[in-house]
Every structure is written in C-alpha cells, then in structure tokens.
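Reader: I am a first-year student, and I should be grateful for a close look at a single part of this structure. Would you please describe one helix and its surroundings in a connected way?

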Amino acid sequence: MDITITQEGPKTLAVLNGRIDTTNADKFQQDIAPLMQGEKPDIEIDCTGMEYTSSQGLRIFLMLQKSVMARQGQLVLKNIRPQVKEVFDITGFSNIIHIE
C-alpha cells in the first residue's frame, strides 16, 4: 500500500495504491495522520489504485471521516473499483462516507 498526499490550495489530495490489509493498516493510519489535523479540511482521496481494503482499513476510513466531520470539513472518496465499493456498500460505509 502506498499513499501520496499533496496540497492544492485549500484542498488536500491523496492517491491510494495497493491493498489495505492487516499487514499494512498501521502504516496506512500513520500515513493519513496529517489528514486528521487542521480546520475545515477539504480532502479528496483517489482510490483508483486501491485494490482491496480489510475491516481494519474500513475502520481507519471511519476514523478519518469522524475527524473531518468534527472539524466541519468534507471527505470524498473517488474512483473506487467496483469490488472495493461493494465492501463499502455491504458494510454500510457508503452511507457514512461520501463516494463519487
């Protein structure tokens, strides 16, 4: 799993590649820690390269969503592969996290 985070004006862009599973969930959480800081965050995560997420990955996405909401910001996941989106749908996370 690899994540690249860049800032474009007020918007934070993150690009995910690979799998989020038990072997790298802690690293993923550390990598996105900077996204859990600042006021009124505007975060867009491009999931084109995300091949899979485990329940641990879902938990981290939920933590990020709660952090963003507490700071009156917005989190959007974009370009999720159908098989990964199905996991978000089945677990109800697509009702919690904005997916485009």
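Author: The part chosen here is helix α2, and its inward-facing side is a suitable place to begin. The buried residues of α2 are Gly57, Leu58, Ile60, Phe61, Leu64, Gln65, Ser67 and Val68. It should be said at once that the model is a predicted one, and that every value given below is computed from it. The spacing of these buried positions can be read with a general property of helices in mind. An α-helix has 3.6 residues a turn, so residues three or four places apart point the same way.

The helix itself consists of 16 residues. From its first C-alpha to its last, α2 reaches 22 Å, which is close to the 22 Å expected at 1.5 Å a residue. Just beyond the helix comes Gln72, whose phi is positive, at about 55 degrees.

What do the buried residues of α2 pack against? Their partners are the strands β2 (11-20), β3 (42-53) and β4 (74-78), together with the helices α1 and α3 (82-91). Three of these partners, namely α1, β3 and α3, are taken in turn below.

The first is α1. Two packed helices are described by the angle between their axes and the distance between the axes. For α1 (residues 25-32) and α2 (residues 55-70), the axes come within 9 Å and cross at roughly 20 degrees. Angles under 35 degrees count as roughly parallel, and α1 and α2 are therefore roughly parallel to each other. Their crossing is right-handed. On the side of α1 the contact is made by Ala25, Phe28, Gln29 and Ile32, and on the side of α2 by Gln56, Gly57, Arg59, Ile60, Phe61, Met63 and Leu64. Sorted by character, the residues of this contact divide into seven nonpolar, three polar and one charged. Gly57, Ile60, Phe61 and Leu64 are also among the buried residues of α2.

The second partner is strand β3. Two of its residues, Ile43 and Ile45, show how the strand meets the helix. Ile43 has 1% relative accessibility and therefore counts as buried. Apart from its neighbours within four places in sequence, Ile43 is in contact with Leu64 and Val68, and also with Thr12, Leu35, Gln74, Leu75 and Val76. Both Leu64 and Val68 belong to the buried residues of α2. Ile45 likewise counts as buried, because its relative accessibility is 1%. If residues up to four places away in sequence are not counted, Ile45 touches Phe61 and Leu64, as well as Ala14, Leu16, Leu75, Val76, Leu77 and Lys78. Leu64 is thus touched by Ile43 and by Ile45, and Leu64 also takes part in the contact with α1. Not every residue of α2 lies beside Ile45: the C-alpha atoms of Ile45 and Arg59, 14 residues apart along the chain, are separated by 16 Å.

Glu44 is also in strand β3. Leaving out residues up to four places away in sequence, Glu44 touches Lys11, Thr12, Leu13, Ala14, Val76 and Lys78. Between Glu44 and Glu8, which are 36 residues apart along the chain, the C-alpha separation is 11 Å.

The third partner is α3, in which Val87 has its place. With neighbours within four places in sequence set aside, Val87 is in contact with Thr53 and Leu58. Leu58 is one of the buried residues of α2. Is Val87 itself buried, exposed or partly exposed? Its relative accessibility is 27%, so Val87 counts as partly exposed. The C-alpha atoms of Val87 and Gln7, 80 residues apart along the chain, lie 28 Å from one another.

Finally, two loops connect some of the elements named above. The loop between α1 and β3 holds Lys40, which has a positive phi of about 40 degrees although it is not a glycine. At 59% relative accessibility, Lys40 counts as exposed. The loop between β4 and α3 holds Asn79. Asn79 is not a glycine either, yet its phi is positive, at about 60 degrees. With 45% relative accessibility, Asn79 counts as partly exposed.

Notes
Residues are numbered from 1 along each chain as its sequence is written. This is a predicted model: local features need pLDDT of at least 70, side-chain atom pairs count only at pLDDT 80 or more; totals for chains, interfaces and linings use all residues. Side-chain values use heavy atoms; hydrogens and water are left out. Axes are lines fitted to C-alpha atoms, for helices over the stretch in contact, and angles run from 0 to 180 degrees between N-to-C directions. Helices (H or I, at least four residues) and strands (E, at least two) are DSSP runs, numbered from the N terminus. Angles under 35 degrees count as roughly parallel, over 145 as roughly antiparallel, 65 to 115 as roughly perpendicular and the rest as oblique. A crossing is left-handed if the near helix is turned anticlockwise from the far one by less than a right angle, and right-handed if clockwise. Contact means heavy atoms within 4.5 Å. Ala, Val, Leu, Ile, Met, Phe, Trp, Tyr, Cys and Pro count as nonpolar, Asp, Glu, Lys and Arg as charged, and the others, Gly among them, as polar. The expected span of a helix is 1.5 Å times one less than its number of residues. Buried means under 20% relative accessible area, exposed over 50%, partly exposed in between (1.4 Å probe, protein chains only).
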